[in-house]
Amino acid sequence: MDPALNPAPVDVARLLRAHGLSPRKGLGQNFLVDQSALRKLTEAAEIPPDATVLEIGAGVGSLTVWLAAAARQVIAVEVDSHLTPLLRQTLAGLPNVTLVEGDILAVRLADWIQEEGYLVVANIPYYITSAIIRHLLENRPRPAR
């Protein structure tokens, strides 16, 4: 990752208030706000500039903007339709991000990603992790990591 990379922070609290939303416990929502944590997650993903990244659980887009700054293409999947207007606002200036509204377990990845070897980055509840990993590995295209 480019050491100069420092996308504008997403004001999560303001966006949620403006849209009358709060994290939904039933979906295990936990929105990242700490810029240091977002930088560390992006660095840990070791994203080459030509990479396609599948982000599962885009939430309010705070991690998505970091991924978009590091990767060629980001496919951001979000299951909560209440977050779609907020996400569209957050991601408006990012031409390399495609927002997909739906459940990752039902999304047909081949509609959005044509090549194998994409990277997966996610901030998801632990209780669904195994099902997601199984889904990604049992379908085409497959991720590199």
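In what sense do strand E1 and strand E4 pair, and over how many bridges? In this predicted model, E1 and E4, the latter spanning residues 119-122, pair in the parallel sense over 4 bridges. That pairing is one part of a wider arrangement, and it helps to set out the whole chain before returning to the strands.

The protein holds 5 helices and 4 strands, and when these are read along the sequence they follow the pattern α-α-β-α-β-α-β-β-α. Of the 145 residues in the protein, 42% are buried. The strands form an open sheet of 4 strands in the order E3-E2-E1-E4, with parallel pairing. The edge strands of this sheet are E3 (97-101) and E4, each of which pairs on one side only. On average, and with direction ignored, neighbouring strands of the sheet are turned by 20° against each other.

Strand E1, made up of residues 52-56, is a convenient place to look at the sheet in detail, since E1 is mostly covered, with 5 of its 5 residues buried. Its side chains point in two directions: Thr52, Leu54 and Ile56 go one way from E1, Val53 and Glu55 go the other way, and all are buried. With strand E2 (residues 73-78), E1 pairs in the parallel sense over 5 bridges. To get from E1 to E2 the chain passes through helix H3 (residues 62-70), and the resulting β-α-β crossover is right-handed.

Two residues of E1 can be followed into both neighbouring strands. Val53 has Val74 as its bridge partner in E2, and Val53 also stands opposite Leu119 in E4. Glu55, in turn, stands opposite Ala76 in E2 and opposite Val121 in E4. The E4 residues met in this way, Leu119 and Val121, point to one face of E4 and are buried, while Val120 and Ala122 point to the other face and are not buried.

On the other side of the order lies the pairing of E2 with E3. Of the 6 residues of E2, 5 are buried, so E2 is largely enclosed by the rest of the structure. E2 and E3 run parallel and are joined by 5 bridges, and one of the residue pairs involved is that of Glu78 with its bridge partner in E3, Glu101. Here the chain crosses from E2 to E3 through helix H4 (residues 84-91), in a β-α-β crossover that is again right-handed.

The helices have a geometry of their own to consider. The axes of helix H2 (residues 35-44) and H3 come within 10 Å and cross at roughly 45°. Because of that angle, H2 counts as oblique to H3. The crossing in which H2 passes H3 is right-handed.

Several local features of the backbone also deserve attention. In the loop between H2 and E1 sits Glu46, whose phi is near 45°, a positive value in a residue other than glycine. Why does Glu46 count as exposed? The reason is its relative accessibility of 56%, which lies over the 50% that marks the exposed class. Further along, in the segment after helix H5 (126-138), comes Pro141, and the peptide bond from Arg140 to Pro141 is cis, with omega near -5°.

The remaining feature concerns aromatic side chains. A pair of aromatic rings is described by the distance of the centres and the angle of the planes. A search of the whole structure finds 1 aromatic pair, formed by Tyr126 and Tyr127, with 6.2 Å from centre to centre and 80° between the planes, an edge-to-face arrangement. The edge-to-face label follows because an angle over 60 degrees between the planes is counted in that way. Both Tyr126 and Tyr127 are exposed.

Conventions:
Residues numbered from 1 in each chain as written. Predicted model: local features only at pLDDT ≥ 70, side-chain atom pairs only at ≥ 80, totals over all residues. Heavy atoms only, no water. Buried < 20%, exposed > 50% of the residue type's maximum accessible area, 1.4 Å probe, protein only. Pairing = 2+ DSSP bridges. Right-handed = clockwise from strand over helix to strand, strands pointing away. Phe/Tyr/Trp six-rings, centres within 6.5 Å; stacked < 30°, edge-to-face > 60°. Axes fitted to C-alpha atoms, helices over the stretch in contact; angles between N-to-C directions. Parallel < 35°, antiparallel > 145°, perpendicular 65-115°, else oblique. Left-handed = near helix turned anticlockwise from the far one by under 90°.
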